[in-house]
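Let's walk through this protein together, starting with how far the model can be trusted and then moving to its surface and a buried spot.

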Amino acid sequence: MSAGHSHGEENLSDRALIGAVALNGLLTVAQIVGGILSGSLALIADALHNFSDAASLGLALVARRIGRRPADKLMTFGYARAEVVAALINLTTLLIIGFYLLVEAVNRYADPQPIEGWTVIGVAGIALVIDVLTAVIVYRGTKGSLNMKAAFLHNVSDALASVGVIAAGALILLYDLYIADLIITVIIAAYVIYQGISLLPRTVRLLMGAVPDEVEFDRIVEALRSADGVRDVHHVHIWSISEHER
């Protein structure tokens, strides 16, 4: 039975979503090049975060298209869980990237490298503009869609990370505080890991067919047992077909 499917995410067209993916993809390349040229690990950390966002938006687009397919003999409940599978892939990737950045920060601390502050500030400034623009695009699809809300929050966190990278570049220029680059890297990595860990349980529960959080199992069973003509109820199963249907 449907719990009321919201089509708020359709306010965000596929073309706009493709544009957001392309913007983040170009930004990722620019940040990686800038990070290598400047020697800034924080800039590369932000680039990897942006790459995860571009991949997340790309998977969301593909999954949304697959999820529109009607039920058939292979998938009798339909393909709506494609978005949940995409979310699991994205969250796993986020965790891998986060832990990789922590390892790289430790290695860089043991073997410090020179960092070009102006390059860091310039590339991070461009990143901030693109992150804000992408967030504005994605925001239109957040109504009624947990996946799009997560993507929007990713872009907002990217914007904040870019602000942090700019701050690190300024500290390097003003005070030769090169350790600021490592501190910002650790903060970005910790936030990425936090996002992955916080969203992973619900995603796994959806895929495992758990009872939806807002459903009171015992009350439903009692209501069924109290219905006229019902002597008893056995083997009650309640699960979510997708984020909006159960």
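The paragraphs below cover confidence, a surface patch and one buried residue.

This is a predicted model, in which local features need pLDDT of at least 70, side-chain atom pairs count only at pLDDT 80 or more, and totals for chains, interfaces and linings use all residues. Residues are numbered from 1 along each chain as its sequence is written, and side-chain values use heavy atoms, leaving out hydrogens and water.

The pLDDT score is the predictor's confidence in each residue, from 0 to 100. Its mean over the protein is 77, with 86% of residues at 70 or more. Confidence is highest in helix 7, at 90, and lowest in helix 5, at a mean of 73; helices here are DSSP runs (H or I, at least four residues) numbered from the N terminus. Residues 1-9 stay under 50. Where pLDDT is low, the predicted coordinates should not be read in detail.

Now look at the surface. W118, L171, L173, L174, Y175, L177, I179, I183 and I187 make a nonpolar patch of about 920 Å². Helix 5 (146-175) and helix 6 (179-208) each supply at least two of its residues, and helix 5 gives the largest share, four. One residue of helix 5 is L173, which counts as partly exposed because its relative accessibility is 33%, between the limits for buried (under 20%) and exposed (over 50%), with a 1.4 Å probe and protein chains only.

For contrast, find S240 in the segment after helix 7 (217-225). S240 is buried because its relative accessible area is 10%. Beyond its neighbours within four places in sequence, S240 is in contact (heavy atoms within 4.5 Å) with R81, L206, A210, P212, E245 and R246.

Note on methods
Patch = residues over 30% accessible without salt bridge, like charges linked within 9 Å, V, L, I, M, F, W, Y side chains within 5 Å. Areas by Shrake-Rupley, 256 points an atom, 1.4 Å probe, with all protein chains shown as cover. Salt bridge = Lys/Arg side-chain N within 4 Å of Asp/Glu carboxyl O.
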